[in-house]
Amino acid sequence: MNLHADLSQRAVLHTPNLAWTPSPMAGVERRLLDRLGGEVARATSIVRYSPGSQFERHSHGGGEEILVLDGTFSDEHGDYTAGTYLRNPAGSSHAPFSEQGCTLLVKLHQMHSADQQRLAIDTCSAAWLPGLVTGLEVMPLHAFGSEHVALVRWAPGTVFQPHRHGGGEEIFVLKGVFQDEQGTYPAGSWLRNPPGSVHRPWSELGCTIWVKTGHLPDTLHHASRAVLRS
């Protein structure tokens with residue numbers, strides 16, 4: 001399947017409008033955002049576990065990145081409540097389940113093999129740091145090679161300067177309304193801005209976004225050079 005698979009193209013989706021599609025496991029459904037490949041694929045999805053559902057043990061050849069949007073997600077390593085950011089590195093395996101049900105933002109097969117740090121961050125208790133402009137706060141989550149992942153919180157009326165994303169940018173709007181000169185994006189919106197894109201974002205009402213930069217077309221080439229130099 002090729003779905004928004006051309007990473008040189010901008011993609012914008014309001015995920016609540018997308019249909020749920022079944023996964024191979026009963027009780028687990030997906031809203032597909034981008035995908036390149038079959039059932040094992042480079043993919044970004046919203047995944048919903050019904051209460052009591054589980055997924056069979058499986059490995060992540062290219063890694064797995066998760067943000068728990070609601071409910072409680074679990075595996076043999078622990079329970080992860082809403083707001084938890086997870087990274088399971090390439091080569092890892094687990095048997096996930098959800099007793100009460102949950103909804104996740106999931107990215108598969110998008111990690112460098114040398115990025116072996118497993119993470120489980122409770123963003124509800126982690127510290128916010130001052131951003132580059134007044135009204136902006138940042139919670140760094142992960143960095144490897146050219147890739148940077150963070151939560152960013154915008155106070156109402158915050159405006160950021162025009163800037164270019166040399167390695168691309170991906171955004172999921174968690175709360176409020178995010179804006180730029182190309183549109184208005186309420187909670188649940190997913191945006192992917194390609195490498196070299198420029199915008200001037202702001203938020204009239206305030207918002208909180210998950211944002212990843214420097215990973216498109218991917219972080220592999222940058223990370224490989226870094227590993228070779230080390």
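Throughout this tour, a residue is called buried when its relative accessible area is under 20%. Keep that cut-off in mind, and remember that the model on your screen is predicted.

**Stop 1: the whole chain**

Start with a cartoon view of everything. The protein chain has 1 helix and 25 strands. Its C-alpha trace spans about 45 × 45 × 35 Å along the principal axes. The radius of gyration is 17 Å, which agrees with the value near 17 Å that a compact globule of 230 residues would have. Switch on a surface if you like: about 10,500 Å² is exposed, and carbon and sulfur atoms supply 56% of that area. Of the 230 residues, 50% count as buried. Contacts reach far along the sequence, too: among those between residues at least 6 apart, 66% join residues at least 24 apart.

**Stop 2: a chain of rings**

Now select Y49, F73 and Y80, and show their side chains. F73 is buried, and so is Y80; Y49 is buried as well. How are the rings of Y49 and F73 arranged? Their centres lie 5.7 Å apart and their planes meet at 70 degrees, so this pair is edge-to-face. The two partners come from distant parts of the chain, with Y49 in strand β5 (residues 41–49) and F73 in strand β8 (residues 64–75), 24 residues apart. F73 also pairs with Y80, and here the geometry is tilted, with 6.3 Å from centre to centre and 35 degrees between the planes.

The count of aromatic pairs in the model comes to 5. To see another group of rings, select W154, F160, F178 and Y185, which ring pairs link into a cluster.

**Stop 3: a charge over a ring**

Stay with side chains and pick R153 together with W128. The charged end of R153 sits over the ring of W128, 4.2 Å from the ring centre.

Both of these residues are also neighbours of T208, so add T208 to the selection because it is buried, at a relative accessible area of 12%. T208 belongs to strand β25. Leaving aside residues up to four places away in sequence, T208 touches W128, V152, R153, F172, V173, L174 and K175.

**Stop 4: the nonpolar cores**

Next, select L33, Y85, L105, L141, F172, W190 and W210. These are the residues with the most contacts inside the largest nonpolar core, which has 16 residues. Which elements give two or more residues to this core? They are β2 (11–14), β14 (119–122), β16 (136–144) and β17 (147–154).

Zoom in on L105 and display what surrounds this residue. Beyond its sequence neighbours up to four places away, L105 touches L33, T44, S45, I46, E65, I66, L67, L69, F172 and W210. A second, separate core has 14 residues, including L136, I171, Y185 and L191. You have already met Y185 in the ring cluster.

**Stop 5: three histidines**

Select H148, in strand β17. Is H148 buried or partly exposed? With a relative accessible area of 43%, H148 is partly exposed. Setting aside residues up to four places away in sequence, H148 touches H142, A143, V211, K212 and T213. For a distance label, draw a line between the C-alpha atoms of H148 and G167: they are 19 residues apart along the chain and separated by 10 Å.

Then turn to backbone torsions. Most residues other than glycine have a negative phi. H4 has a positive phi, near 45 degrees. You will find H4 in the loop between β1 (2–3) and β2, partly exposed at 33% relative accessible area. H109 also has a positive phi, of about 55 degrees, although it is not a glycine. H109 lies in the loop between β13 (102–108) and β14, and is partly exposed at 31%.

**Stop 6: G214**

Finish by selecting G214, in the loop between β25 (207–213) and α1 (220–229). Is this loop residue buried or exposed? G214 counts as buried, because its relative accessibility is 12%. For a last distance label, join the C-alpha atoms of G214 and T103: they lie 111 residues apart along the chain, with 26 Å between them.

Technical notes
Residues are numbered from 1 along each chain as its sequence is written. This is a predicted model: local features need pLDDT of at least 70, side-chain atom pairs count only at pLDDT 80 or more; totals for chains, interfaces and linings use all residues. Side-chain values use heavy atoms; hydrogens and water are left out. Helices (H or I, at least four residues) and strands (E, at least two) are DSSP runs, numbered from the N terminus. Buried means under 20% relative accessible area, exposed over 50%, partly exposed in between (1.4 Å probe, protein chains only). Rings of Phe, Tyr and Trp (its six-membered ring) pair if their centres lie within 6.5 Å; planes under 30 degrees apart count as stacked, over 60 as edge-to-face and the rest as tilted. A charge sits over a ring if NZ of Lys or CZ of Arg is within 6 Å of the ring centre and within 35 degrees of the ring normal. A nonpolar core is a set of buried Ala, Val, Leu, Ile, Met, Phe, Trp, Tyr and Cys residues joined through side-chain atoms within 4.5 Å. Contact means heavy atoms within 4.5 Å. The radius of gyration is taken over C-alpha atoms; the globule rule is 2.2 Å times the number of residues to the power 0.38. Accessible areas come from the Shrake-Rupley method with a 1.4 Å probe; for residues, only the protein chains shown count as cover.
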